[in-house]
Amino acid sequence: MTFRSIVVLTGAGISAESGLGTFRDADGLWTKYDLAEVATPEGFARNPAFVHEFYNARRRNLLGAAPNAAHAALAHLEAHGPARVTIVTQNVDSLHERAGSRNVIPMHGELLKVRCHAAEHVLDWPDDVSVETRCPRCGDAARGPAGRLGYLRPHVVWFGEMPFAMEPIGALLGACDLFVSIGTSGNVYPAAGFVDEVRGIGAAHTVELNLEPSDGASRFAEAIYGPATKVVPAFVERLLRADA
Ligand code: APR
């Protein structure tokens, strides 16, 4: 079957073989850190220095990582297949863009960007951030009376915050004829509910590609299990062969 509009939801599992940790696997990030301390606005307000250190370590780790065969296969599908392909990623690692994908929606933000408190300036930022770092775009205004106005935070969506681009994502889910979920445990909403939105409309085929059945596995029409660098290229090959 030839698909014309493909939405691909990705999670930490697609980047696992690039050397970046996942969150909920046996050695995942949330087994080492309390997410309430490092991934909530309350945690940041309580101890901004600790949160900055957490994201500085993830940013440094990311700079040594490269896209893998799964990221590359999705970029190839977008460039060479007949369908319009949009990647909605929960990942903040920018590996899809570095693999060449252009239609990417980073719904949980981007680790290599920061945002200022004063004016919500979003800035490319591959370096460390501390509580002393001030927004260069705000200039002197950042040194307002409170002195904290120009502080920076990771441009990453924390628990309790609304993900980005939910409206365009909803429109894409409503218009797609293939929804593929790759490398996500199906634990965190709203992303975990996307398959239900697609099934509610009833016009699309739904596929889960994962190392093992996710929490949402039963809601997919088809599932292929294995490491992303194996199952994703094979799946893309199958799609392109069907279009040949
Ligand atoms: N290939 C394919 N899938 C893999 C691989 C691999 N090599 N390694 C792990 N996985 C799968 C795991 O089986 C698991 O189902 O990837 C999934 C990772 O799940 P999580 O660690 O929960 O990550 P994710 O689903 O992306 O988390 C969603 O939670 O903490 C928040 O904001 C954070 O975006 C994140 C969100």
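Strand β2, spanning residues 84-89, is mostly tucked away in this predicted model: five of its six residues are buried. It has a partner in strand β1, residues 5-10, and the two pair in the parallel sense over six bridges. To pick out one spot along that pairing, I6 has V85 in β2 as its bridge partner. Strand β2 also pairs with β3, a strand covering residues 104-106, again in the parallel sense, this time over three bridges. Here I87 stands opposite V104 of β3.

A separate set of strands is worth a look next. Three strands make up an open sheet, and reading across it gives the order β5-β4-β6, with antiparallel pairing. The edges are taken by β5 (122-124) and β6 (152-156), each of which pairs on one side only. Ignoring direction, neighbouring strands in this sheet are turned by 45° against each other on average. Strand β4 takes in residues 109-116, and four bridges join it to the antiparallel β6. One landmark along the way is R115, whose bridge partner in β6 is R153. Across β4 and β6 lies helix α3, made of residues 48-63, and it runs at about 135° to β4.

What does H121 touch, once its neighbours within four places in sequence are set aside? The contacts are V114, R115, C116, C135, R137 and C138. H121 itself sits in the loop between β4 and β5. Its relative accessibility is 17%, and because the cut-off for buried is under 20%, H121 counts as buried. R115 thus turns up twice, as a contact of H121 and as the bridge partner of R153.

Charged side chains add another layer of links, with 10 salt bridges in the count. One of them joins D177 and R4, whose side chains meet at 3.8 Å, N to O. D177 is in the loop between α6 (166-175) and β7 (178-182), while R4 belongs to the segment before β1, so this pair ties together parts that are 173 residues apart in sequence. The two ends sit in quite unlike surroundings: D177 is buried, with a relative accessible area of 8%, whereas R4 counts as exposed at 54% relative accessibility.

R102 and E78 form another salt bridge, their closest N and O atoms being 3.9 Å apart. This pair, too, links distant parts of the chain, with R102 in the loop between α5 (95-99) and β3 and E78 in helix α4 (residues 69-80), 24 residues apart. Is each partner buried or exposed? R102 is exposed, with a relative accessible area of 65%, but E78 counts as buried at 11% relative accessibility.

Back in the open sheet, the side chains of E110 and K113 meet in a salt bridge at 3.2 Å, N to O. Both residue numbers fall within β4, which covers residues 109-116. E110 counts as buried at 16% relative accessibility, while K113, at 22%, counts as partly exposed. Finally, E53, R60 and D128 are linked in a network of salt bridges. Of this trio, E53 and R60 fall within helix α3, which spans residues 48-63 and lies across β4 and β6.

Technical notes
Residues are numbered from 1 along each chain as its sequence is written. This is a predicted model: local features need pLDDT of at least 70, side-chain atom pairs count only at pLDDT 80 or more; totals for chains, interfaces and linings use all residues. Side-chain values use heavy atoms; hydrogens and water are left out. Two strands pair if DSSP finds at least two bridges between them. Axes are lines fitted to C-alpha atoms, for helices over the stretch in contact, and angles run from 0 to 180 degrees between N-to-C directions. Contact means heavy atoms within 4.5 Å. Buried means under 20% relative accessible area, exposed over 50%, partly exposed in between (1.4 Å probe, protein chains only). A salt bridge is a side-chain nitrogen of Lys or Arg within 4 Å of a carboxyl oxygen of Asp or Glu.
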